[in-house]
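Open the model in your viewer and keep the selection tool at hand. Each stop below says what to select and what is there.

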Amino acid sequence: MQLVVARIGRAHGIKGEVTVEVRTDEPEQRLAPGAVLSTDPASTGPLTIETGRVHSGRLLLRFEGVRDRTAAEALRNTLLIAEVDPEELPEEDDEYYDHQLMDLDVVTKDGAEVGRITEISHLPSQDLFIVERPDGSEVMIPFVGSIVTEIDLEEQRAVIDPPPGLIDDRAEIASSRDAAEAEDAADGDEGAADGDEGAADGDEGAADGDEGADGDTADGDRP
């Protein structure tokens with residue numbers, strides 16, 4: 001079985017080295033000197049790794065027959081593919097190969113259906129599940145222990161405990177909008193009530209003025 005283990009980035013220096021975006025948890029095994037890798041597109045390979053080193057946190061590789069920057073730059077965006085035994089499992093119990101996770105059903109810890117894993121995105125900071133929902137939309141779920149609480153390969157499902165807004169963002173936006181509209185309406189009613197109270201105070205003041213006027217006229221008529 002074939003697995004994508006890296007993507008070639010830009011050329012580094014002038015001697016044929018390239019940066020690579022690692023897409024395997026076992027780079028020391030899959031991307032070691034001497035490894036022969038298939039490629040996508042196939043026309044650029046196969047490629048044999050000649051040397052590898054880490055520079056400023058990035059893995060740099062040089063391939064046999066690639067000796068200058070021009071040749072290295074021509075490999076940019078090429079996917080590196082390793083042949084893996086389908087029965088082979090990662091060394092750690094909590095590690096998985098991409099093919100094991102693809103097409104797993106995703107459910108919440110309460111059993112609510114979320115969707116199906118259609119892609120694994122390997123970012124520098126973390127891995128993401130790309131999950132297709134029943135309505136055809138997609139949601140990205142970080143593959144971290146605090147969110148993905150269980151991977152059950154026998155049941156073919158991944159159980160998640162999503163934080164607020166991760167999968168129900170649209171509902172939360174609608175709820176927030178409704179709450180804001182309700183608050184605005186309440187403020188309007190309160191303003192109207194204040195206006196009515198002010199009008200009542202004005203009417204009371206006018207009545208007091210009329211009463212005072214009556215008092216002055218009576219005093220003036222007194223002998």
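Select Arg7 and Leu79 together: Leu79, in β6, is the bridge partner of Arg7. This is a predicted model, and the tour begins at this pair of strands. Widen the selection to strand β1 (residues 2-12) and β6, and you have two antiparallel strands joined by five bridges.

Keep Leu79 selected and add Asp40, which stands opposite Leu79 in β6. Asp40 leads to another strand, β3 (residues 36-40), which pairs with β6 in the antiparallel sense over three bridges.

How much of β6 is buried? Strand β6 (residues 79-83) has four of its five residues buried, so the rest of the structure largely encloses this strand.

Now select Thr39, which has its place in strand β3. Is Thr39 buried or exposed? Its relative accessible area is 8%, and because buried means under 20%, Thr39 counts as buried. Show the side chain of Thr39 and that of Thr44; a polar contact of 3.1 Å joins them. A polar atom of the Thr39 side chain also lies 3.0 Å from the backbone nitrogen of Gly45. Leaving aside neighbours within four places in sequence, the contacts of Thr39 include Leu47, Thr78, Leu79, Leu80 and Ile81.

Next, colour the strands by number and follow them around. Six strands form a closed barrel in the order β1-β2-β5-β4-β3-β6, with antiparallel pairing. From one strand to the next, the twist averages 50°. For another pair in the barrel, select strand β4 (residues 47-55) and strand β5 (residues 58-63), which pair in the antiparallel sense over six bridges. Within that pair, Thr51 stands opposite Arg62 in β5.

Then show side chains and look for the nonpolar residues. The largest nonpolar core has 19 residues, and Ile8, Leu31, Leu61, Phe63 and Leu80 are those with the most contacts inside it. At least two residues of this core come from each of β1, β2 (17-22), β4, β5 and β6. The largest share, four residues, is supplied by β1.

Select Ile8 to see one of these core residues in place. Setting aside neighbours within four places in sequence, Ile8 is in contact with residues including Val18, Val20, Leu47, Phe63, Leu75 and Leu80. Elsewhere there is a second, separate core of 18 residues, among them Leu101, Ile117, Ile120 and Ile160.

Return to Arg7 and add Arg23, which is found in the loop between β2 and α1 (27-30). How far apart in space are Arg23 and Arg7? From C-alpha to C-alpha the distance is 7.5 Å, while in sequence the two are 16 residues apart. Arg23 is partly exposed, at 25% relative accessibility. Not counting residues up to four places away in sequence, Arg23 touches Val4, Val5, Ala6, Arg7, Leu79 and His122.

Last, colour the chain by confidence. The pLDDT averages 79 over the chain, and 71% of the residues score at least 70. Confidence is highest in helix α2 (residues 69-73), at a mean of 96, and lowest in helix α4 (residues 169-221), at 49. Select residues 170-180: the pLDDT there is below 50, and the stretch has five contacts in the model beyond near neighbours in sequence. Finish with residues 211-223, where the pLDDT is also below 50 and the stretch has zero such contacts in the model, again beyond near neighbours in sequence.

Key: Residues numbered from 1 in each chain as written. Predicted model: local features only at pLDDT ≥ 70, side-chain atom pairs only at ≥ 80, totals over all residues. Heavy atoms only, no water. Buried < 20%, exposed > 50% of the residue type's maximum accessible area, 1.4 Å probe, protein only. Pairing = 2+ DSSP bridges. Polar contact = N/O pair within 3.5 Å; in protein donor to acceptor, adjacent residues only side chain to side chain. Contact = heavy atoms within 4.5 Å. Axes fitted to C-alpha atoms, helices over the stretch in contact; angles between N-to-C directions. Core = buried A, V, L, I, M, F, W, Y, C linked by side-chain atoms within 4.5 Å. pLDDT = per-residue confidence, 0-100.
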